2 protein chains.
Amino acid sequence: MTESPTQRRRERERAERRQLIVDSARELAEAEGWDAVTTRRLADTIEYSQPVLYSHFANRAAIVDAVVVEGAAELASTLRAARAGTEDDAATAVAQAYLDFAAAHPALYDAIFTMPSGLPFGTPDAPPALQDAFGELRLAFAPSARGTEAEVLTEVVWSALHGLASLVRSGRLRPDLHDARLTRLLALVKSRS
Amino acid sequence: MTESPTQRRRERERAERRQLIVDSARELAEAEGWDAVTTRRLADTIEYSQPVLYSHFANRAAIVDAVVVEGAAELASTLRAARAGTEDDAATAVAQAYLDFAAAHPALYDAIFTMPSGLPFGTPDAPPALQDAFGELRLAFAPSARGTEAEVLTEVVWSALHGLASLVRSGRLRPDLHDARLTRLLALVKSRS
DNA sequence: TTCGCTGTCTAGCGCTGCTAGAATCCAGTC
DNA sequence: GACTGGATTCTAGCAGCGCTAGACAGCGAA
């Protein structure tokens with residue numbers, strides 16, 4: 001059952017091509033929006049025909065999901081770095097990093113947190129990357145709380161951050177008050193009962 | 001230039017058909033999701049051919065926008081009723097009403113606050129219905145504040161509510177802690193600095 | 001009755017996600 | 001070195017999408 005060198009090369013090439021698909025999808029989405037991420041354009045980009053995509057992913061949604069998982073891992077490590085980079089005010093640093101991430105990668109953020117997705121989120125079988133990202137938020141916003149209380153508080157603050165990010169992103173909040181809103185939110189959280 | 005009875009009948013019938021299109025779009029979206037709201041299915045529902053839709057609306061997006069404006073008016077009056085129906089705790093009543101509205105009309109809520117829309121939001125030329133809804137939130141959450149402060153506080157609370165509503169709606173927050181999250185959020189707002 | 005306009009429909013374009021079946025390529029065997 | 005079987009990739013096509021050009025019908029005015 002041991003694999004031949006040829007098999008190994010094939011598998012490596014397959015993995016590389018899979019990654020190329022995911023990267024292309026993400027780049028194309030960031031450059032022209034998710035509507036531009038069609039199977040034909042993806043196929044053109046990777047220089048293979050359409051059906052090859054379907055030998056790596058069940059359907060278009062599965063490609064988006066792969067981008068989401070990759071993006072969530074990136075978000076988690078961004079938040080971790082922000083928390084590690086400050087002495088005291090972890091909440092502010094992480095909140096700021098969260099909103100910066102959303103602003104820097106709008107299409108990616110949309111895919112992770114706004115677009116419909118079949119990916120499990122709140123459950124134990126959610127992708128580890130998603131659990132990591134949420135764990136970082138909990139460490140920043142509810143370091144002293146335990147159990148359900150920590151969970152609830154984190155979810156509330158996360159919801160507020162997500163609301164800010166997504167409403168600004170979709171043009172439903174005026175951008176000029178963005179900083180003032182974040183400051184106000186953090187004031188609410190810090191003076192918490 | 002005065003219109004004949006025939007013209008009047010025609011105009012009335014056109015207005016009725018327009019309303020029928022908007023109602024059908026909303027019902028279909030609520031029943032099967034916005035993906036099911038295709039021009040062909042809409043045409044079937046109103047028992048006219050596809051091109052008739054385009055004599056009322058520039059494109060499919062304009063039909064969705066019409067549903068949004070109608071829905072926003074409904075939301076505004078729902079919030080107004082909630083605020084009028086309580087003696088003291090307007091914030092709780094309005095927040096509860098907001099989340100109830102989102103839960104009762106998920107597709108409508110998505111269209112108003114999540115889906116991409118060309119409609120102006122934060123500006124003075126936003127549809128009156130949208131301004132009304134936001135005004136209700138301000139009356140509930142920042143009754144004592146003035147100017148920018150009222151604006152910012154309202155936007156922060158609205159963002160939090162929208163975050164809760166949309167993350168639950170898309171399956172990214174566990175539904176069982178929904179009430180606990182709202183309670184926690186209101187506690188933060190009330191003990192505000 | 002005829003003319004012309006308004007309103008509506010049929011048919012079709014270029015696009016989408018996705019797939020069946022043909023064609024090709026290549027590793028392993030005689 | 002030619003052959004064969006299986007994996008791999010491609011061409012071509014389906015049904016459905018938003019949208020529209022051009023044909024056609026029906027009705028009011030002259």
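This report walks through how two protein chains meet each other and a DNA strand, and then looks at some salt bridges.

A quick note before we start: this is a predicted model, where local features need pLDDT of at least 70, side-chain atom pairs count only at pLDDT 80 or more, and totals for chains, interfaces and linings use all residues. Residues are numbered from 1 along each chain as its sequence is written, chains are lettered from A and ligands numbered from 1 in the order in which they are written, and side-chain values use heavy atoms, with hydrogens and water left out.

**Where the chains meet**

Let's begin with chains A and B. On chain A, 38 residues are in contact with 38 residues of chain B; contact here means heavy atoms within 4.5 Å. Together they bury about 3,400 Å², and carbon and sulfur atoms give 62% of that. Buried area is the accessible area (1.4 Å probe) that two parts lose on being put together, summed over both. Looking at chain A's share, R172(A), R184(A) and L188(A) supply 23% of the area it buries against chain B, more than any other three residues.

There are 6 salt bridges between the two chains, a salt bridge being a side-chain nitrogen of Lys or Arg within 4 Å of a carboxyl oxygen of Asp or Glu. One of the salt bridges pairs E149(A) with R184(B). A network of salt bridges also links R138(A), E151(A), R174(B) and D176(B).

Which helices does chain A bring along? α6 (106-113), α8 (147-169) and α9 (178-190) of chain A each supply at least two residues of the side that touches chain B, and α8(A) gives the most, with 15 residues. Helices are DSSP runs (H or I, at least four residues), numbered from the N terminus. By class, this side of chain A has 19 nonpolar, 11 polar and 8 charged residues. For the classes, Ala, Val, Leu, Ile, Met, Phe, Trp, Tyr, Cys and Pro count as nonpolar, Asp, Glu, Lys and Arg as charged, and the others, Gly among them, as polar.

**Around DNA strand D**

Now for the DNA. Of the 16 residues around strand D, S49(A), T39(B), Q50(B), Y54(B) and R60(B) come nearest; a residue is near a strand if one of its heavy atoms lies within 4 Å of it. Sugar or phosphate accounts for 53% of the strand D atoms within 4 Å of the protein, and bases for the rest. A polar side-chain atom of R17(A) lies 3.1 Å from a phosphate oxygen of strand D. Backbone atoms join in too: a polar one of T39(B) is 2.8 Å from a phosphate oxygen, and a polar one of R60(B) is 2.7 Å from a phosphate oxygen.

**Salt bridges within a chain**

Here are three pairs, with the distance from N to O.

| Pair | Distance |
|---|---|
| D110(A) and R169(A) | 3.1 Å |
| D89(B) and K190(B) | 3.1 Å |
| R138(B) and E151(B) | 2.7 Å |

D89(B) lies in the loop between α4 (60-84) and α5 (90-104) of chain B and K190(B) in helix α9 of chain B, so this pair ties together parts that are 101 residues apart in sequence.

How exposed are some of these residues? D110(A) is buried at 15% relative accessibility, while R169(A) is partly exposed at 41%. In chain B, D89(B) is partly exposed at 30%, and E151(B) is buried at 18%. Buried means under 20% relative accessible area, exposed over 50%, and partly exposed in between (1.4 Å probe, protein chains only).

Definitions and conventions:
A polar contact is a pair of N or O atoms within 3.5 Å; within protein, one must be able to donate a hydrogen and the other to accept it, and residues adjacent in sequence count only if both atoms are side-chain atoms.
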